[in-house]
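This briefing turns to the sequence and structure shown below, with strand pairing, buried packing, charged pairs and a surface patch as its topics.

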Amino acid sequence: MALRADNFSINTLIGNGSLVRGDLNINGSVSIDGDLDGNLKTDAAVIVSVNARIKGNIDASSAIIGGIVLGDITAPESVKLLSSSAVIGNIITRKVQMEDKVIFHGHCISISDKEKCAEHANKFLEAKAILDKAESI
């Protein structure tokens, strides 16, 4: 999928002013306009609007971020960070695009080759899991 959002339909919408607590597993594309306190997993695209705030990880095929994400983004196809976005977490993707004035604090793995990207992502996630476990002791 390209970095544009104009060629697919939204299956799920979390509207402006809404607050959802807990993990979401969604089939199809999702647009978040409200707040989510939990992880989001889908087999399709995610759009996080300018007003949205997510405290949790995003796992999708692609992601367009306009709001705030406090968590990791894993989107093998692509990640686009709009100028209004703030991401405090890691990004794993094959294609990343960041507009001016983006706030990003974390690590980014972006390798166009699918197998190499998966290999490096797995190594990174294993190392991160070990560090996270060591910090919790």
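Ser31 lies in strand 4, where helices (H or I, at least four residues) and strands (E, at least two) are DSSP runs numbered from the N terminus. At 10% relative accessibility Ser31 counts as buried, a label that stands for under 20% relative accessible area, with exposed meaning over 50% and partly exposed in between (1.4 Å probe, protein chains only). The model is a predicted one, in which local features need pLDDT of at least 70 and side-chain atom pairs count only at pLDDT 80 or more, while totals for chains, interfaces and linings use all residues. Residues are numbered from 1 along each chain as its sequence is written, and side-chain values use heavy atoms, with hydrogens and water left out.

**Strands and their pairing**

- Setting aside residues up to four places away in sequence, Ser31 touches Ile10, Thr12, Leu13, Ile14 and Ile47, a contact being heavy atoms within 4.5 Å.
- Strand 4 (residues 30-32) runs parallel to strand 7 and is joined to it by 3 bridges, where pairing requires that DSSP finds at least two bridges between two strands; within this pair, Ile32 has Val48 as its bridge partner.
- Strand 7 (residues 45-48) is covered on both faces, since Ala45 and Ile47 on one side and Val46 and Val48 on the other are all buried.
- Strand 7 in turn pairs with strand 10 in the parallel sense over 4 bridges, with Ala45 standing opposite Ser62 and Val46 standing opposite Ala63.
- From strand 10 (residues 62-65), Ser62 and Ile64 point one way and Ala63 and Ile65 the other, and all of them are buried.
- In a regular strand the side chains alternate between the two faces of the sheet.
- Strand 10 also pairs with strand 13 in the parallel sense, again over 4 bridges, and there the bridge partner of Ala63 is Val79.

**The nonpolar core**

- The largest nonpolar core, meaning a set of buried Ala, Val, Leu, Ile, Met, Phe, Trp, Tyr and Cys residues joined through side-chain atoms within 4.5 Å, has 23 residues, and those with the most contacts inside it are Leu40, Ile58, Ile65 and Ile73.
- At least two residues of this core come from each of strand 3 (24-26), strand 4, strand 7, strand 10, strand 12 and strand 13.
- Leu40, leaving aside neighbours within four places in sequence, is in contact with Leu24, Ile26, Val30, Ile32, Val46, Asn57, Ile58 and Asp59.
- In soluble globular proteins, nonpolar side chains tend to be buried together.

**Salt bridges**

- The count comes to 7 salt bridges, each defined as a side-chain nitrogen of Lys or Arg within 4 Å of a carboxyl oxygen of Asp or Glu.
- Lys128 and Asp72 meet through their side chains in one salt bridge, at 3.3 Å from N to O; this pair links distant parts of the chain, with Lys128 in helix 1 (residues 114-136) and Asp72 in the loop between strand 11 (68-70) and strand 12 (73-75), 56 residues apart.
- Lys128 is partly exposed at 26% relative accessibility, whereas Asp72 is buried at 14%.
- Asp132 forms a salt bridge with Lys128 as well, with the closest N and O atoms 3.3 Å apart, and both residues lie in helix 1, 4 residues apart, about one turn of the helix.
- Asp132 is partly exposed at 37% relative accessibility, and Asp72, Lys128 and Asp132 are linked in a network of salt bridges.
- Arg94 forms a salt bridge with Glu77, the closest N and O atoms being 3.5 Å apart; Arg94 lies in the loop between strand 15 (91-93) and strand 16 (96-98) and Glu77 in the loop between strand 12 and strand 13 (78-81), so the pair ties together parts that are 17 residues apart in sequence.
- Arg94 is partly exposed, with a relative accessible area of 22%, and Glu77 counts as partly exposed at 29%.

**A nonpolar surface patch**

- Ile68, Leu70, Ile88 and Ile103 form a nonpolar patch on the surface, with about 330 Å² of accessible area together, the areas coming from the Shrake-Rupley method with a 1.4 Å probe and, for residues, only the protein chains shown counting as cover.
- Patches are made of residues with over 30% relative accessible area and no salt bridge, with like charges joined within 9 Å and nonpolar side chains (Val, Leu, Ile, Met, Phe, Trp, Tyr) within 5 Å.
- Ile88 lies in strand 14 (residues 86-88) and counts as partly exposed at 38% relative accessibility.
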